[in-house]
Amino acid sequence: MEQQTLFGGDGTRPLAARLRPRDLSEFVGQAHLLDEGKVLRRLIEHDQVSSMIFWGPPGVGKTTLARIIANRTKATFIDFSAVTSGIKEIKQVMQQAEDNRRFGERTIVFVDEIHRFNKAQQDAFLPFVEKGSIILIGATTENPSFEVNGALLSRCKVFVLQALTTADLTSLLSRALTDPRGFGGQKIEIEPDMLEAIANFANGDARAALSTLEMLVLNSDTDGKTVRVTRETLEQCTSKKSLLYDKTGEEHYNLISALHKSMRNSDPDAAVYWLARMLEAGEDPLYIARRVTRFASEDVGMADSRALEVAVAAYQACHFIGMPECTVHLTHAVVYLSLAPKSNALYIAYEHAKKDALTQLAEPVPLGIRNAPTRLMQELDYGKGYQYAHDTADKLTDMQCLPDSLEGTEYYRPTEQGLEAKYKARLEQIKAWKAQHRQQK
């Protein structure tokens, strides 16, 4: 006889697995795709699914949707894992699907974590998707634009699943307390705001929310009839939030972009928040310091040249003492850069010059500014006509330094922001002096 557990015969399975939605009526979240009349709901209800990819963070229902499709479809449904399967297994499944097609049967192949397949493995699906042998449904936490072959991606409709809201998760947790598959057979005492705290902690992940609730219940005091969840137990089970972050994936670039754009928009509060998101998720502080140093010249530049000094100093501090002490140094730099006047004149100057350097005729360096270390070079007029600025009263000359085809081109165009206004005035004086002296010749 099977021993009864706290949750009955099904008690060995995790709460999240026991409460997996069986149909769309139990599914929580993704209203933009699954509300009445929405395209994905219609496709599922009418059993008309085509090749598609579910893209979204963990715990939002990608695999669950595939299971719901499996329960409703009249097609053969094959569950396939990218973690445990290789080319050999793919070919076997494709042969089965081809046999089904000959008998007029559809085959839906669900590939969990499709981003883990390499190019060759993904290519093995392509001809069968093209000729209709299979309907491919993939699930991925990574941006399919980067992780799925272009040819395969172009034949799939991408549905973007969003992180669940606190309200979604709170509703899910409340149902777990009453559903017979969850804790419906138990009397659980827990304050409503504690459920909301669990939902916030879960960061949009239903699996994480249910796992936390299960941990709380299993670790709470009981008199045999009632389980009482205390705030102390809640604090112990939610002591460290797991932040969604992948140092090599899209979220890595999303967060550094958020930091850059917050600083560029002179929003120190947002900048510090995104900084904390990266650091607390385990980002290398030196990576952030390098990006901040780039920002100092790209977005502040001559409007406040001290910005570069502060950024470099923050990098050095991160290198010297590391985490967690260096968080305050990066905060110092991020706030300084957020509040500094902004100018992208240096960035524009280089990009303009780079374009000319790559596309214009590679003209030789003007003779006047060539070095002439040998007699032959001197005889070939290297350095002829060179004017040494320090020998003049104004420390200026009207000597031409650009190639003839680029004479008069302006790359650096200073703004009026911050200290750059002073440099703009100085540059205008220099140009006026040169123009005047060239006219006098």
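Helix pairs whose angle is neither under 35 degrees, nor over 145, nor 65 to 115, count as oblique. In this predicted model, the axes of helix H9 (residues 166–178) and helix H10 (residues 192–202) cross at roughly 125°. H9 and H10 are therefore oblique to each other. Their axes come within 8 Å, and the crossing in which H9 passes H10 is right-handed. On the H9 side, the contact involves Thr166, Leu169, Thr170, Leu173, Ser174 and Leu177. These residues meet Leu195, Glu196, Ile198, Ala199, Asn200 and Ala202 of H10. Seven of the residues in the contact of H9 with H10 are nonpolar, four are polar and one is charged.

A second helix pair is formed by H14 (residues 268–280) and H17, which pack with their axes 9 Å apart and at an angle of about 150°. Angles over 145 degrees count as roughly antiparallel. H14 and H17 are therefore roughly antiparallel to each other. The crossing of H14 and H17 is right-handed. From H14, the contact is made by Pro268, Ala271, Val272, Leu275 and Leu279. From H17, Thr327, Leu330, Thr331, Val334, Val335, Ser338 and Leu339 take part. The residues of the contact of H14 with H17 comprise nine nonpolar and three polar ones, with no charged residue.

Threonine 63 was examined as a single position. This residue is found in helix H4, which spans residues 62–72. A residue counts as buried under 20% relative accessible area. Threonine 63 has a relative accessibility of 14% and therefore counts as buried. When residues up to four places away in sequence are not counted, threonine 63 touches Arg20, Phe110 and Asp112.

Confidence in the model was considered last. The chain has a mean pLDDT of 84, and 93% of its residues reach 70 or more. Confidence is highest in helix H17 (residues 327–339), at a mean of 95, and lowest in helix H19 (residues 375–379), at 76. Over residues 1–9 the pLDDT is below 50. Beyond near neighbours in sequence, the stretch of residues 1–9 has 10 contacts in the model. Where pLDDT is low, the predicted coordinates should not be read in detail.

Key: Residues are numbered from 1 along each chain as its sequence is written. This is a predicted model: local features need pLDDT of at least 70, side-chain atom pairs count only at pLDDT 80 or more; totals for chains, interfaces and linings use all residues. Side-chain values use heavy atoms; hydrogens and water are left out. Axes are lines fitted to C-alpha atoms, for helices over the stretch in contact, and angles run from 0 to 180 degrees between N-to-C directions. Helices (H or I, at least four residues) and strands (E, at least two) are DSSP runs, numbered from the N terminus. A crossing is left-handed if the near helix is turned anticlockwise from the far one by less than a right angle, and right-handed if clockwise. Contact means heavy atoms within 4.5 Å. Ala, Val, Leu, Ile, Met, Phe, Trp, Tyr, Cys and Pro count as nonpolar, Asp, Glu, Lys and Arg as charged, and the others, Gly among them, as polar. pLDDT is the predictor's confidence in each residue, from 0 to 100. Buried means under 20% relative accessible area, exposed over 50%, partly exposed in between (1.4 Å probe, protein chains only).
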